[in-house]
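Colleague: I am new to this model and would like to learn how to read its features. Could you walk me through them, one at a time?

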Amino acid sequence: MQKTGAQILVESLLAEGVDTIFGYPGGVVLPIYDVLYDADIRHILTRHEQGAAHAADGYARASGKPGVCLATSGPGATNLVTGIANAYMDSVPMVAITGQVPTSLLGKDSFQEADITGITLPITKHNFIVKDVNDVARTVREAFYIATSGRPGPVLIDMPKDVSVGVAEYTDPGPVQLPGYKTNNEPDTEQVARAVRAIEESERPVIYAGGGVVSGGAHGELLELAEMLLMPVATTLMGLGGFPGNHPLSVGMLGMHGSKYANYAINECDLLIGVGVRFDDRVTSKLEEFAPGAVIMHIDIDPAEIGKNVGVDIPLVGDVRLTLRKIIERLRPRLASQWRDKIGVWKKEHPFEFVENGRIKPQEVIQEIFNVTKGNARITTEVGQHQMWAAQYYTFTRPRTFISSGGLGTMGFGFPAAIGVQVACPDETVIDIAGDGSIQMNIQELATAVHYNLPVKIAIMNNGFLGMVRQWQELFYNRRYSYTELDNPDFVKLAEAYGAVGIRVSKKSEVRPALEEAMASAKPVVLDFPIEREENVYPMVPPGEPIHKMLG
Amino acid sequence: MRHTLAVLVENSPGVLARVAGLFSRRGYNIDSLAVGRTESPDVSRMTIVVDGDERVLEQVTKQLHKLVDVIKINDITVDEYVDRELVLIKVNADSAQRGEVMQIADVFRARIVDLGRKTLTLECTGNDGKINAFEESLRPYGIKELVRTGKIAMLRGSKYTGYQDNGTKEEI
Ligand SMILES: Cc1ncc(C[n+]2csc(CCOP(=O)(O)OP(=O)(O)O)c2C)c(N)n1
């Protein structure tokens with residue numbers, strides 16, 4: 001049957017199992033919106049395209065399904081860019097669809113034209129401009145396949161208006177044929193054997209687990225492997241929840257704001273097993289002194305990650321879950337107990353700490369969020385000190401419960417992402433732990449949350465500063481607080497103006513009741529916690545230092 | 001060290017931008033890059049000369065592999081291969097110098113492709129070394145303009161780096 005490009009697009013999305021789109025309309029996507037009007041797809045209208053991209057991202061991270069966002073050409077498309085880059089850095093499966101001016105006007109600086117495939121070339125796994133309506137169905141199939149297979153990532157499809165209104169026969173494009181695209185799922189048997197030998201020979205092994213464990217669904221295998229040999233497990237920010245934070249073998253997060261015991265363990269280990277990680281500089285700090293005495297093993301689905309930042313002794317290219325399974329099958333259990341005891345001592349001697357002084361401390365607020373939710377919430381964060389405190393003081397025990405912008409560090413991510421998470425998990429408690437600076441980068445999405453009855457909670461750690469930047473100014477710029485102090489609006493009134501609930505907490509004793517009230521509410525709630533203004537995040541590895549040399 | 005990569009890519013719009021962008025974005029050094037169609041209309045061949053140590057080469061290759069449009073990459077540096085480059089050189093040559101320049105052209109089997117009142121334009125093909133030597137010999141006369149195509153290369157004998165339709169990317 002003959003169908004328009006827009007109809008074919010929507011049918012192809014349905015064929016890929018898409019049930020939700022986050023988007024914002026405009027001239028050249030009107031044909032698509034017209035089809036969406038009757039389609040069996042939920043469209044969430046955000047208030048900014050960046051919000052749509054982050055919401056799709058949050059949806060994907062929480063559900064494991066690809067997130068889909070839709071925007072018009074030109075400014076709509078460019079507003080997606082930060083969200084796409086964010087998804088790219090954190091390997092999130094996403095399909096972004098943009099409208100484009102008609103092919104006859106391409107390249108002429110036409111009204112609302114932007115070369116979005118050119119702009120997103122370095123921040124997408126792949127992108128397409130569809131110039132022929134006969135290619136729509138196949139392009140959608142390929143886009144979803146590329147976005148979700150191998151190392152996941154965002155894929156963009158640019159749809160010129162004449163393609164959306166053009167007509168063609170809709171036929172299922174069948175299986176994907178991409179001669180240049182190959183995923184590496186099976187690890188090399190010989191390398192697996194080497195890995196097993198190295199693990200059996202090591203006395204002080206440490207596992208360093210990242211986002212790949214979460215996205216690869218390898219948390220069960222990771223737990224099994226760690227328990228077989230009583231190996232301590234450190235995670236990256238992206239890996240939080242990939243290993244239960246309350247497990248005796250967990251040493252929490254490593255790196256710049258990681259736990260002391262994690263960083264000590266890395267410094268003294270003789271075998272470092274990187275699982276689904278990318279040796280980011282926020283983790284390794286001074287590369288030459290990262291795990292200096294260790295044999296380095298690296299498991300990743302993306303061969304280009306191996307050896308990118310550090311030399312690897314034992315490379316294992318493959319699906320993380322499959323690879324761990326193969327290792328486990330060959331491994332004989334043996335316990336590295338002396339090593340475990342040593343780490344136990346570090347854990348006792350160097351817990352996360354802060355000074356209580358009667359004022360509201362962000363660390364305590366986050367601990368209370370954990371207590372009130374019994375650790376059962378999905379937490380998103382913005383970027384800054386609050387993000388690090390959330391990582392340090394909330395114990396994550398399940399994958400996909402901590403959703404944060406790791407690689408790009410995008411302020412304004414957390415709240416729209418929380419909207420996406422709430423759409424994916426309607427029955428769960430979703431909390432955005434925010435800073436007063438970050439929340440103002442996408443606060444307009446309160447209207448979205450209210451409109452769709454998404455009862456997202458926002459807990460603002462309000463220090464009247466761009467706190468993380470202020471901390472650096474304090475430590476490295478002689479306390480010269482250049483443009484980091486904020487004059488904030490009344491967040492409670494702002495919440496109310498949007499039709500949400502606003503709660504201000506002014507005393508320590510009100511923290512818990514306020515949280516309880518917020519959790520009990522069926523509406524979006526903004527909680528304003530005026531916290532200690534110049535609190536710092538510790539421990540901290542100063543930039544350029546080896547990771548065992550921490551401040552605080 | 002310089003490496004010569006034979007890269008087969010899908011003949012689709014934007015591929016060159018993807019490949020070139022990857023090099024600049026990741027800070028790799030391209031010495032030369034030549035692109036053109038192959039025996040198959042759907043497939044183009046890029047010959048890329050890149051400068052770097054083993055680690056850089058490994059990363060370049062792995063990152064190139066990640067591009068969906070890249071079908072196959074061969075580092076042919078250590079293999080036996082023939083390579084050619086074409087150069088056009090416009091050199092000062094008044095009537096007094098013309099004879100000498102023509103003699104040089106003869107030595108290098110270059111051809112004169114255009115004459116001006118005070119200039120000669122020469123064409124020469126060969127490998128790097130020959131083209132460099134040719135350029136050096138003409139330099140004393142004053143080179144007005146010079147264009148090189150960049151290197152193209154092909155393995156010798158029955159070995160080839162062509163595209164076998166087995167749906168995989170290979171390296172040798
Ligand atoms: C979009 C964007 N712009 C700038 C930055 C740089 N930056 C990192 S943390 C930070 C301060 C964040 O302040 P706030 O949201 O109030 O959180 P706090 O650190 O106070 O908890 C800034 C400006 C960023 N990460 N993202």
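Colleague: Which helix gives the most to the lining of the largest cavity?

Modeller: Start with the general idea: rolling a probe the size of a water molecule over the atoms shows where empty space is left. In this predicted model, helix 7 of chain A gives the most to the lining of the largest cavity, with three residues. Helix 1 (5-15) of chain A also supplies at least two, and helix 7 spans 136-148.

Colleague: What residues line the largest cavity, and how much space lies in it?

Modeller: The lining consists of S12(A), A15(A), E16(A), A137(A), V140(A), R141(A), Y170(A) and P173(A). By class, five of them are nonpolar, one is polar and two are charged. The space inside comes to about 40 Å³, and the structure holds one cavity of 30 Å³ or more.

Colleague: Let's turn to pockets. How much space lies in the second largest pocket?

Modeller: That pocket holds about 1100 Å³. Its lining has 41 residues, and those closest to its centre are D302(A), K62(B), Q63(B), H65(B) and K66(B). Two or more lining residues come from each of helix 5 (81-89) of chain A and helix 1 and helix 2 of chain B. Helix 2 of chain B gives the most, six residues. Sorted by class, the lining has 14 nonpolar, twelve polar and 15 charged residues.

Colleague: Both chains appear in that list. How many residues of chain B are in contact with chain A?

Modeller: When reading an interface, look at both the contacts and the area. Here 21 residues of chain B contact 21 residues of chain A. Together the chains bury about 1700 Å², with 51% of that on carbon and sulfur atoms. R18(B), K66(B) and V68(B) supply 35% of the area that chain B buries against chain A, more than any other three residues.

Colleague: Which residue of chain A forms a salt bridge with K66(B)?

Modeller: K66(B) pairs with D302(A), and their closest N and O atoms are 2.5 Å apart. The count between the two chains is one salt bridge. For polar contacts across this interface, the rule finds seven residue pairs, both residues at pLDDT 80 or more.

Colleague: And which elements make up the side of chain B that touches chain A?

Modeller: Helix 1 (15-25), helix 2 (54-66) and strand 4 (70-75) of chain B each supply at least two residues. The largest share, seven residues, comes from helix 2 of chain B. On this side of chain B, six residues are nonpolar, five polar and ten charged.

Technical notes
Residues numbered from 1 in each chain as written. Chains lettered and ligands numbered in written order. Predicted model: local features only at pLDDT ≥ 70, side-chain atom pairs only at ≥ 80, totals over all residues. Heavy atoms only, no water. Contact = heavy atoms within 4.5 Å. Buried area = accessible area lost by both parts, 1.4 Å probe. Salt bridge = Lys/Arg side-chain N within 4 Å of Asp/Glu carboxyl O. Polar contact = N/O pair within 3.5 Å; in protein donor to acceptor, adjacent residues only side chain to side chain. Helix = DSSP H or I, 4+ residues; strand = E, 2+ residues; numbered from the N terminus. Nonpolar A, V, L, I, M, F, W, Y, C, P; charged D, E, K, R; others polar. 1 Å grid on protein atoms, 1.4 Å probe; cavity = no way out; pocket = protein on both sides within 12 Å on 5 of 7 lines; lining within 4 Å. Points joined across faces, edges and corners; volume = space filled by probe spheres on them.
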